[in-house]
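Work through the exercises below with the sequence and the model open. Each task is followed by a stepwise solution.

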Amino acid sequence: MGVGYSCCQSNAIGPALDERFSGKRVVITGATSGIGLRLAKRLAASGAEVVGWGRNEDAMEDVHREASEKGWSLRMMRCDVSSREEIQERAAEVLAAFEGAVDILVNNAGVTSGGKWITDLSDEEINRCVDVNLLAHFWTVRAFLPSMIKRDSGHVVTVSSVAGIMGVAGLSDYCASKFGAFGLTESLRFELSKINSAVGTTIVCPSYVDNGMGKEAEVKCSALFPLMDEEYVVRRIMGAVARRQALVILPGTIRTTYLARMYPVSVYDRIVRTWANV
Ligand SMILES: NC(=O)c1ccc[n+]([C@@H]2O[C@H](COP(=O)([O-])OP(=O)(O)OC[C@H]3O[C@@H](n4cnc5c(N)ncnc54)[C@H](OP(=O)(O)O)[C@@H]3O)[C@@H](O)[C@H]2O)c1
């Protein structure tokens, strides 16, 4: 159970939130476990038509079984997002199934290389991290965005990380990819604004989440970096899409690292080393 941030504390998000997603056509990458799986189920339970991508066949079968028991519109598709060709093929299938209209794209699939220093990472690990955590976003956005722009409607969610706004020792590949995903989405936001598009974007930067990936991380300061409930993070993502919030940093206390950047680097480094164990 995550400490400090549970779904009960997300009282800014009203009970009518779920209704906002009824009938929306959603694609979520990395929907076989963790945040992506929980979001996929939550949206499907809200009446959205959800397609989840991933590679784990057993997990996909479990999801299909549960979806059919519960009467959800939730379909899993095998898609290795490290392959541009596979993304393009699956995206074409999704667009055909949804008659060209995807309302929400959630770029959530992510990997880490287990906290290795830059010199200990293999070339393959670096490539995999950048392919999945960053390049895949280019291919999905380029596949789904044109039809959103044409309809002047849609939303792109990028699950970056706190590691997308601050560097961390032992996470160079992960941080580089998450900073990249952040930069891609911020640039996209400005591009959309230049054409007065109604298509929205949300960048999500969670700290440690109480699941497989988050539990692996070493948490030094639980006040600044508490382990958060996965459900809390999912509700915040849904709330951000519903309110068209462009940036969600979780928990909000992490915003102090932005302020710390106003100081000289030596001071910034001392602050984040002390408070964030980076
Ligand atoms: N957990 C945390 O503390 C935390 C904190 C900040 C940000 N995040 C970010 O949140 C997102 C979700 O992470 P999580 O915590 O839910 O981790 P998770 O449970 O490990 O989920 C990762 C998902 O990504 C998918 N994935 C990995 N490689 C893939 C590939 N090549 N092709 C397709 N799908 C792939 C996995 O599916 P398959 O195994 O089926 O391929 C899985 O569904 C990630 O982007 C992560 O970086 C997590």
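**Exercise 1.** Find which backbone atoms lie 2.8 Å from an oxygen atom of the ligand, and add the side-chain partner at 2.7 Å.

Solution. Step 1: take polar contacts, meaning pairs of N or O atoms within 3.5 Å (within protein, one must be able to donate a hydrogen and the other to accept it, and residues adjacent in sequence count only if both atoms are side-chain atoms). Step 2: a backbone N or O atom of Ile 35 is 2.8 Å from a ligand oxygen. Step 3: Val 209 also places a backbone N or O atom 2.8 Å from an oxygen of the ligand. Step 4: in Thr 32 a side-chain N or O atom is 2.7 Å from a ligand oxygen. Step 5: alone, the ligand has 880 Å² of accessible area (Shrake-Rupley method, 1.4 Å probe; for residues, only the protein chains shown count as cover). The protein covers 90% of that area.

The model is predicted: local features need pLDDT of at least 70, side-chain atom pairs count only at pLDDT 80 or more, and totals for chains, interfaces and linings use all residues. Residues are numbered from 1 along each chain as its sequence is written, and side-chain values use heavy atoms, with hydrogens and water left out.

**Exercise 2.** How many residues surround the ligand, and of what classes are they?

Solution. Step 1: select residues with a heavy atom within 4 Å of the ligand; there are 30, and the closest are Thr 32, Arg 55, Asn 108, Tyr 174 and Val 209. Step 2: sort this shell into 13 nonpolar, 14 polar and three charged residues. Here Ala, Val, Leu, Ile, Met, Phe, Trp, Tyr, Cys and Pro are nonpolar, Asp, Glu, Lys and Arg charged, and the others, Gly among them, polar.

**Exercise 3.** Is Thr 140 buried or exposed, and what does Thr 140 contact?

Solution. Step 1: locate Thr 140 in helix α4, residues 123-151; helices are DSSP runs (H or I, at least four residues) and strands likewise (E, at least two), numbered from the N terminus. Step 2: its relative accessibility is 0%, and buried means under 20% (exposed over 50%, partly exposed in between; 1.4 Å probe, protein chains only), so Thr 140 is buried. Step 3: with neighbours within four places in sequence set aside, its contacts (heavy atoms within 4.5 Å) are Thr 29, Trp 53, Ile 87, Leu 105 and Asn 107.

**Exercise 4.** What share of the protein is buried?

Solution. Buried residues account for 50% of the 278 residues.
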